Amino acid sequence: MLTHTGAKPFACTVCRKAFRQRRQLRAHARIHTGERPYGCEVCGKGFTTGHSRTTHIATHAERRPSST
């Protein structure tokens, strides 16, 4: 129902930005805390979301030399 109404009931207590889903608010809160729970297995760089890490990991595959 929130999708149709546009309501954003979950607000950040730091900056007051609002979100439709609680998980979006939790991910946003990492901006303020500096938490980066998703680490790259290749280089160790940390990310606030799993999607950001997945996108980053693809850059390692692009840099590998060809095996031919």
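1. A disulfide is taken here as a pair of cysteine sulfur atoms within 2.5 Å, and by that rule the count comes to zero disulfides. The sulfur of Cys12 lies 3.8 Å from the closest cysteine sulfur, that of Cys15, which is too far for a bond. Cys15 is accordingly in no disulfide, the nearest cysteine sulfur being that of Cys12. With buried meaning under 20% relative accessible area, exposed over 50% and partly exposed in between (1.4 Å probe, protein chains only), Cys12 is buried at 4%, whereas Cys15 is partly exposed at 37%.

2. On the basis of the model: this is a predicted structure, in which local features need pLDDT of at least 70 and side-chain atom pairs count only at pLDDT 80 or more, while totals for chains, interfaces and linings use all residues. Residues are numbered from 1 along each chain as its sequence is written, and side-chain values use heavy atoms, with hydrogens and water left out.

3. On confidence: pLDDT is the predictor's confidence in each residue, from 0 to 100, and the protein chain averages 90, with 88% of the residues scoring at least 70. Among the elements of the chain, helix H1 (residues 2–5) has the lowest mean pLDDT, 75, and strand E1 the highest, 98. Where pLDDT is low, the predicted coordinates should not be read in detail.

4. On the overall architecture: helices (H or I, at least four residues) and strands (E, at least two) are DSSP runs, numbered from the N terminus, and on this basis the protein chain holds three helices and four strands. Read along the sequence, these elements follow the pattern α-β-β-α-β-β-α. Contact means heavy atoms within 4.5 Å, and among contacts between residues at least 6 apart in sequence, 0% join residues at least 24 apart.

5. On the surface: of the 68 residues of the protein chain, 16% count as buried. The chain exposes about 5400 Å², of which carbon and sulfur atoms supply 52%; accessible areas come from the Shrake-Rupley method with a 1.4 Å probe, and for residues only the protein chains shown count as cover.

6. On the recorded annotation: UniProt, in an unreviewed entry, lists residues 10–37 and 38–65 under "domain: C2H2-type"; the positions are given in the numbering used here, feature names are shortened, and annotations may be inferred rather than shown by experiment. Over residues 10–37 the chain is 43% helix and 14% strand, and the end C-alpha atoms are 22 Å apart.

7. On helix H2: the expected span of a helix is 1.5 Å times one less than its number of residues, and for the 12 residues of H2 (residues 22–33) this gives 16 Å, with which the 17 Å between the end C-alpha atoms agrees. The buried residues of H2 are Leu25, His28 and Arg30, and these pack against strand E1 (10–11), strand E2 (18–19) and strand E3 (38–39).

8. Which residues does His28 touch, not counting residues up to four places away in sequence? They are Cys12, Cys15, Lys17 and Phe19, so that both cysteines discussed in the opening point appear in this set. His28 itself lies in helix H2 and is buried, with a relative accessible area of 9%.

9. On Phe19: this residue lies in strand E2 and counts as buried at 12% relative accessibility. Leaving aside its neighbours within four places in sequence, Phe19 is in contact with Lys8, Pro9, Phe10, Gln24, Leu25 and His28. The C-alpha atoms of Phe19 and Pro9, which are 10 residues apart along the chain, are separated by 6.5 Å.

10. On backbone angles: Arg16, in the loop between E1 and E2, has a phi near 70°, a positive value in a residue other than glycine, and at 57% relative accessibility it counts as exposed. Most residues other than glycine have a negative phi, and most peptide bonds are trans. A positive phi, near 85°, is also found at Gly34, which follows H2.

11. On the loop between H2 and E3: Gly34 lies in this loop and is partly exposed, with a relative accessible area of 47%, and its C-alpha atom is separated by 8.2 Å from that of Thr48, 14 residues away along the chain. Pro37 also lies in the loop and is partly exposed, at 41%. Not counting residues up to four places away in sequence, Pro37 touches Arg30, Phe47 and Thr48, and its C-alpha atom is separated by 8.5 Å from that of Gly50, 13 residues away along the chain.
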